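Visitor: Could you walk me through this protein? I'm in my first year, so plain sentences would help.

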Amino acid sequence: MASKLLRAVILGPPGSGKGTVCQRIAENFGLQHLSSGHFLRENIKANTDHVITRLMLSELENRRGQHWLLDGFPRTLVQAEALDKICDLDLVITLNIPFETLKDRLSRRWIHPPSGRVYNLDFNPPHVHGIDDITGEPLVQQEDDKPEAVAARLRQYKDVAKPVIELYKSRGVLHQFSGTETNKIWPYVYTLFSNKITPIQSKEAY
């Protein structure tokens with residue numbers, strides 16, 4: 001089991017708790033967590049499909065000898081086809097969270113733009129309202145996280161992700177998890193990964 005390098009992808013709409021799940025997978029199983037959002041912050045101009053794809057693929061080329069987990073990539077069929085050329089995926093996880101839950105979560109989200117730290121007023125609030133815990137700088141709410149923008153983003157995600165999800169479903173590598181609470185979904189995700197790769201620490205840590 002150890003000789004096979006794990007190639008995993010996690011897909012989910014904005015606000016689905018994808019970042020949290022990825023972090024837990026990375027910590028529990030020692031996978032390299034590669035977030036397309038992180039690379040985009042580092043490369044602000046990379047807002048086209050083509051550039052994002054090139055960026056992510058070159059990152060993966062550098063990590064040939066590691067287990068990895070892709071977060072938020074591939075988002076489109078074009079990206080999925082490009083990824084196919086360099087590897088076969090073992091697991092694709094998609095998080096199905098009800099629309100209303102996503103809308104509520106997103107409008108409760110505030111960020112510290114320089115670091116990319118994200119706070120949620122319900123389950124991860126800053127120590128001082130409106131202030132980043134580490135730097136003491138002000139937090140902002142992105143235009144995207146305002147309720148009317150959220151609805152449009154979620155619809156757009158659904159349209160673009162659907163063919164990607166169908167592709168992986170047809171290959172038998174797709175695993176869908178549904179629910180409204182990350183903590184209730186997590187044990188199932190943990191079990192799925194445990195069948196593929198040995199954990200480096202037990203889930204009792206949570």
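Visitor: Let's start with a pairing: which residue in β6 does Arg 109 stand opposite?

Guide: Arg 109 stands opposite Asn 120 in β6; please keep in mind throughout that what we are looking at is a predicted model.

Visitor: And how do β5 and β6 run, parallel or antiparallel?

Guide: They run antiparallel, with 4 bridges joining β5, which covers residues 109–112, to β6, which covers residues 117–120.

Visitor: Which residue in that hairpin takes a positive phi?

Guide: That is Gly 116, whose phi is near 80 degrees, in a hairpin that has 4 residues between its two strands. As background, most residues other than glycine have a negative phi.

Visitor: Okay, zooming out. How many helices and strands does the protein have?

Guide: There are 7 helices and 7 strands, and if you follow the sequence from its beginning you read the pattern β-α-β-α-α-β-α-β-α-β-β-α-β-α. The radius of gyration is 17 Å, close to the 17 Å that the globule rule gives for 206 residues, so the protein is as compact as a globular protein of that length.

Visitor: What does the C-alpha trace span along its principal axes?

Guide: The C-alpha trace spans about 45 × 40 × 30 Å along those axes.

Visitor: What share of the residues is buried?

Guide: Buried residues make up 44% of the 206 residues. As for the surface, the protein exposes about 11,200 Å², and carbon and sulfur atoms supply 53% of that area.

Visitor: What about contacts between residues 24 or more positions apart, how much do they account for?

Guide: Among the contacts with a separation of 6 or more, residues 24 or more positions apart account for 71%.

Visitor: Now β1. Is it mostly covered or mostly open?

Guide: β1 is mostly covered, since 5 of its 5 residues are buried. Arg 7, Val 9 and Leu 11 point one way from the strand while Ala 8 and Ile 10 point the other way, and all of these residues are buried.

Visitor: Which strands are joined to β1 by bridges?

Guide: One is β3, which runs parallel to β1 and is joined to it by 4 bridges, and here Ala 8 stands opposite Leu 69. Another is β4, made of residues 91–96, which also runs parallel to β1 and is joined to it by 4 bridges, with Val 92 as the bridge partner of Val 9.

Visitor: What comes before β1, say around Leu 5?

Guide: Leu 5 lies in the segment before β1, a strand that covers residues 7–11. With a relative accessible area of 26%, Leu 5 is partly exposed, and leaving aside its neighbours within four places in sequence, it is in contact with Arg 64, Gly 65, Gln 66, His 67 and Asp 90.

Visitor: And where is Pro 14?

Guide: Pro 14 is found in the loop between β1 and α1, the helix of residues 18–29. Apart from neighbours within four places in sequence, the residues in contact with Pro 14 are Leu 102, Leu 106, Arg 153, Leu 154 and Tyr 157.

Visitor: Switching again: which peptide bond is cis around Pro 74?

Guide: It is the bond from Phe 73 to Pro 74, with omega near 0 degrees. For comparison, most peptide bonds are trans.

Visitor: So is Pro 74 buried or exposed?

Guide: Pro 74 counts as buried because its relative accessibility is 1%, and the cut-off for buried is under 20%. Pro 74 sits in the loop between β3 and α4, where, not counting residues up to four places away in sequence, it touches Val 9, Leu 11, Gln 79, Ala 80, Leu 83, Val 164 and Tyr 168.

Visitor: What about Thr 76, which loop is that in?

Guide: Thr 76 is in the loop between β3, residues 68–71, and α4, residues 77–84. Thr 76 is buried, with a relative accessible area of 18%, and beyond its neighbours within four places in sequence it is in contact with Asp 49, Val 160 and Val 164.

Visitor: How far is Pro 74 from Asp 49 in space?

Guide: Their C-alpha atoms are 9.7 Å apart, although the two residues are 25 residues apart in sequence.

Visitor: Last one: how far apart are the mean positions of the positive and negative charges?

Guide: The mean positions of the 26 positive and 24 negative charges are 3 Å apart.

Note on methods
Residues numbered from 1 in each chain as written. Predicted model: local features only at pLDDT ≥ 70, side-chain atom pairs only at ≥ 80, totals over all residues. Heavy atoms only, no water. Rg over C-alpha atoms; globule rule 2.2 N^0.38 Å. Buried < 20%, exposed > 50% of the residue type's maximum accessible area, 1.4 Å probe, protein only. Contact = heavy atoms within 4.5 Å. Areas by Shrake-Rupley, 256 points an atom, 1.4 Å probe, with all protein chains shown as cover. Lys, Arg positive; Asp, Glu negative; His and termini not counted. Charge placed at Lys NZ, Arg CZ, Asp CG, Glu CD. Pairing = 2+ DSSP bridges.
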